[in-house]
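Here are some notes for a colleague who is meeting this structure for the first time. Please read them with the sequence and the model side by side.

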Amino acid sequence: MMTQETLLRHLENLGIESRTVAHPPVHTVEEAKAHRDGLPGGHTKNLFLKDKKGRMFLVTADEDRAVDLKQLRDMLGAKPLSFASAERLMTYLGVEPGSVTPLAAVNDTGADVTVALDTSLLAHEFVNVHPLAN
């Protein structure tokens with residue numbers, strides 16, 4: 001499993017520019033907004049979900065988008081969705097609750113998790129996400 005340090009080194013080796021901004025740990029969108037200080041770009045919320053068949057989904061949406069799990073289920077072609085356990089999150093994505101990020105897909109070496117990104121994030125030049133740590 002990659003750590004924050006190995007992930008950032010990996011991105012650099014791929015020629016992907018990133019910038020890390022330190023802040024106290026946050027667990028809600030409202031908490032994150034309080035520590036942003038005009039940080040440009042899109043800001044996200046991330047959901048790690050499983051369906052009744054045990055399939056897993058990592059959903060990254062604009063922080064202000066209301067996410068209706070029934071509508072999302074239909075969009076993903078999934079069975080009823082619920083939040084996956086912290087143990088499952090660590091096993092498949094190598095992160096703890098509060099650190100869920102689309103970058104954690106790098107740790108899904110078995111391709112067990114379907115990643116879904118909110119298309120509204122494409123409107124931003126930059127998108128802010130956790131680098132595997134909160």
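In which strand does T60 lie? The points below begin with that residue and then turn to the cores and to a helix, and throughout it should be kept in mind that the model is a predicted one.

1. T60 is found in strand β2, and it counts as buried because its relative accessible area is 1%, which falls under the 20% cut-off. The side chain of T60 makes a polar contact of 2.7 Å with the side chain of N46. When neighbours within four places in sequence are set aside, the residues in contact with T60 are T44, K45, N46, P102, A116, L117, D118 and L121.

2. The largest nonpolar core consists of 13 residues, and those with the most contacts inside it are F48, L89, L93, V95 and V113. At least two residues of this core come from each of α1 (4-13), β2 (56-62) and α4 (86-93). A second core, separate from this one, has 8 residues, among them L49, V59, L72 and A116.

3. V113, one of the residues with the most contacts inside the largest core, is in contact with F48, M56, F57, L58, Y92, L93 and D108, again leaving aside neighbours within four places in sequence.

4. Helix α3 spans residues 69-76, and at its start a side-chain oxygen of D68 comes to within 2.8 Å of the backbone nitrogen of K70. Just after α3, G77 adopts a positive phi of about 65°, so a reader following the chain may wish to look at both ends of this helix.

Note on methods:
Residues are numbered from 1 along each chain as its sequence is written. This is a predicted model: local features need pLDDT of at least 70, side-chain atom pairs count only at pLDDT 80 or more; totals for chains, interfaces and linings use all residues. Side-chain values use heavy atoms; hydrogens and water are left out. A polar contact is a pair of N or O atoms within 3.5 Å; within protein, one must be able to donate a hydrogen and the other to accept it, and residues adjacent in sequence count only if both atoms are side-chain atoms. Helices (H or I, at least four residues) and strands (E, at least two) are DSSP runs, numbered from the N terminus. A nonpolar core is a set of buried Ala, Val, Leu, Ile, Met, Phe, Trp, Tyr and Cys residues joined through side-chain atoms within 4.5 Å. Buried means under 20% relative accessible area, exposed over 50%, partly exposed in between (1.4 Å probe, protein chains only). Contact means heavy atoms within 4.5 Å.
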